Amino acid sequence: MSSEQRLVIVGGCGHVGLPLGLVFADGGMNVTLLDIDAQKVKRINAGEMPFMEKGADPLLCRLIGRSLVATLDDSCLRDADVVITVVGTPVDRHLNPMVNELCKNLDGVVPRMKDGALLVLRSTVYPGVSQRVYEQVKELGREVHVAFCPERITEGNALDELRRLPQIVAAFEPVAQQKARDLFLQIAPEVIELSPPEAELAKLFTNSWRYLSFAISNQFYILAQSYGLDFYRIREAVRHRYTRMSGFANAGFAAGPCLLKDTLQLAAFSSNNFFLGHAAMLINEGLPNFVVENLKHLDLARKTVAILGMAFKADSDDTRESLACKLLKLLQLQAHEVLCTDPYVPDPSYVSLMEAVERADIIILGAPHSQYRELDIPEEKIVVDVWGFWPARQGAPIVKKPVRV
Ligand SMILES: NC(=O)c1ccc[n+]([C@@H]2O[C@H](COP(=O)([O-])OP(=O)(O)OC[C@H]3O[C@@H](n4cnc5c(N)ncnc54)[C@H](O)[C@@H]3O)[C@@H](O)[C@H]2O)c1
C-alpha cells in the first residue's frame, strides 16, 4: 500500500483514533480524522491535544495541516482508500453490549466509501460483530473489503506501543487480509493473523485477563487488610527471587473505559456464565466500598477526607469510569467534607494539592500520579494507599482489628 493513499479514521479525535492517526500520518499516509465532536476537531486542527498522550504534542504540531487534518465533514469518506473505525463500543446501563450503535454508524459510512476500499474495525467488539458488519456491507451491495484489527494500546503509551507491538489482523477474504496486513506493516514490526472470531475473542481475553489479574490482587489486599496485615509486605516476600509470581499485580482501583466493559462483553457472550468475570467486577468495584467501610471507625462524619488523583490511572487525565470518582460519591455520604485534587483534570470543584494535604484529616491516594511520589505528608495524617505507592506509609493496615494468629 503506497504512502499516497488516503486514510480516514472514524472517531479519529478519540483516545484510540488520534494516536493511530498520528502514527500513520508520521509514516507518510494522508490521514483525515473524522469525528462528531466539534470542540475536539477545532483543538486538534489548532495543534492542541485534547487529552494527555506521551510524545503526541510535538508530533501533532508537526503533522497537522500537512499529512493530518481533523474534520466533521464525512465527504472525506468518498476518496478514502482505507477507513478505520474506532468509535466507542460501550455497555448500556443494564451492562449489555450496545452492538447496534456500531452497525448504525456504519450504515452512514459504508455507502459513502468507494469500491475497492478497505474498512477496518478497530473498536473492541462483541463476538460476531465483524461477521455482522461483513454481511451488512454485502447487503448494501458494496465492494468494500472488511477487516477486524483490534487496538491493544494502553492510553498514555499509544505512540510507542503502536510502533512496537505486533498487530492482530483478521479478515473474511484473502484480498482484505492482504490489504490489512500491508496497512499495519507500515507502522508495526509484525502482524499476527487470526480469523475474525478468533481476533474478537483475543481482544476480549486480553482485557478480561488484565481485569481478573487486578481482581486477584485486590481480593488478596482485602484479605490481608481485613486480617490486620500489610498486603505489600506479603506480596514483596512471595515475589522475591521467585519468578513464578512475577505477574502478581499491585492492588489498586482497577477501572477505566475498557477493562470492566470488555469483561462484561465477554460475560454477555457466555450467557452470563463467566463467573470469574462477574466475581472480578464485584471485587474491583467493591474496593472503594471496602476502603470507606474501614474508615468508619475513625469517626468519619467529623473528618475531612482528600482524594489525591481523580483519573482512572497514574499520569492520565482520563476520568472515564474512574473508581476515584466512585470513592468520592461514597465518601460524600459518610464524611464531613471531601476534597478532590488532580493536576491533570481541570475541574473547578477540585482544590490544589497543597490545600488538600493541609486541610485533610485522611488522605486517600486515588491515582498514583508520579508527581505525588515525593509528597511530604505530615505524620499525623491518616493515609490510605491501596496502590502501595508510598512504601513508608503502606505498612499500616486501615483496618484496626486485632491480628488473629
Ligand atoms: N482507550 C483505550 O485505551 C482503548 C484501548 C484499546 C481499545 N479501545 C477501544 O477503542 C474504542 C474507542 O475507544 P476510545 O477510548 O478511543 O473512545 P473515545 O470516546 O476516546 O473516542 C471515540 C471518538 O469517537 C467519536 N465518535 C462517536 N460517535 C461518532 C460518529 N458517529 N462518527 C464519528 N465519530 C464519532 C467521539 O466523539 C470520540 O472522539 C472502544 O471500542 C474501546 O473499547 C480503547
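Two worked exercises follow, one on the ligand site and one on a helix pair.

The model is predicted: local features need pLDDT of at least 70, side-chain atom pairs count only at pLDDT 80 or more, and totals for chains, interfaces and linings use all residues. Residues are numbered from 1 along each chain as its sequence is written, and side-chain values use heavy atoms, without hydrogens and water.

**Exercise 1.** Describe the residues around the ligand and the polar contacts of T89, T124 and E155.

Solution.
- Step 1: Take the shell, meaning residues with a heavy atom within 4 Å of the ligand. It holds 25 residues, and H15, D35, K40, T89 and K261 come nearest.
- Step 2: Sort the shell. Nine residues are nonpolar, eight polar and eight charged. Here Ala, Val, Leu, Ile, Met, Phe, Trp, Tyr, Cys and Pro count as nonpolar, Asp, Glu, Lys and Arg as charged, the others, Gly among them, as polar.
- Step 3: List polar contacts (N or O pairs within 3.5 Å). T89 places a polar side-chain atom 2.6 Å from a ligand oxygen. T124 uses a polar backbone atom, 3.1 Å from a ligand oxygen. For E155, a polar side-chain atom lies 2.9 Å from a ligand nitrogen.

**Exercise 2.** Describe how α8 packs against α10.

Solution.
- Step 1: Locate the helices (DSSP runs of H or I, at least four residues, numbered from the N terminus). Helix α8 spans residues 196-226 and α10 residues 259-269.
- Step 2: Give the geometry. The angle is about 115 degrees, with the axes 8 Å apart. Axes are lines fitted to C-alpha atoms over the stretch in contact, and angles run from 0 to 180 degrees between N-to-C directions.
- Step 3: Pick out contacts (heavy atoms within 4.5 Å). The α8 side includes L201, F205 and F214; the α10 side includes L259, L266 and F269. The contact residues divide into nine nonpolar, four polar and three charged.

Terms used:
Polar contact = N/O pair within 3.5 Å; in protein donor to acceptor, adjacent residues only side chain to side chain. Helix = DSSP H or I, 4+ residues; strand = E, 2+ residues; numbered from the N terminus.
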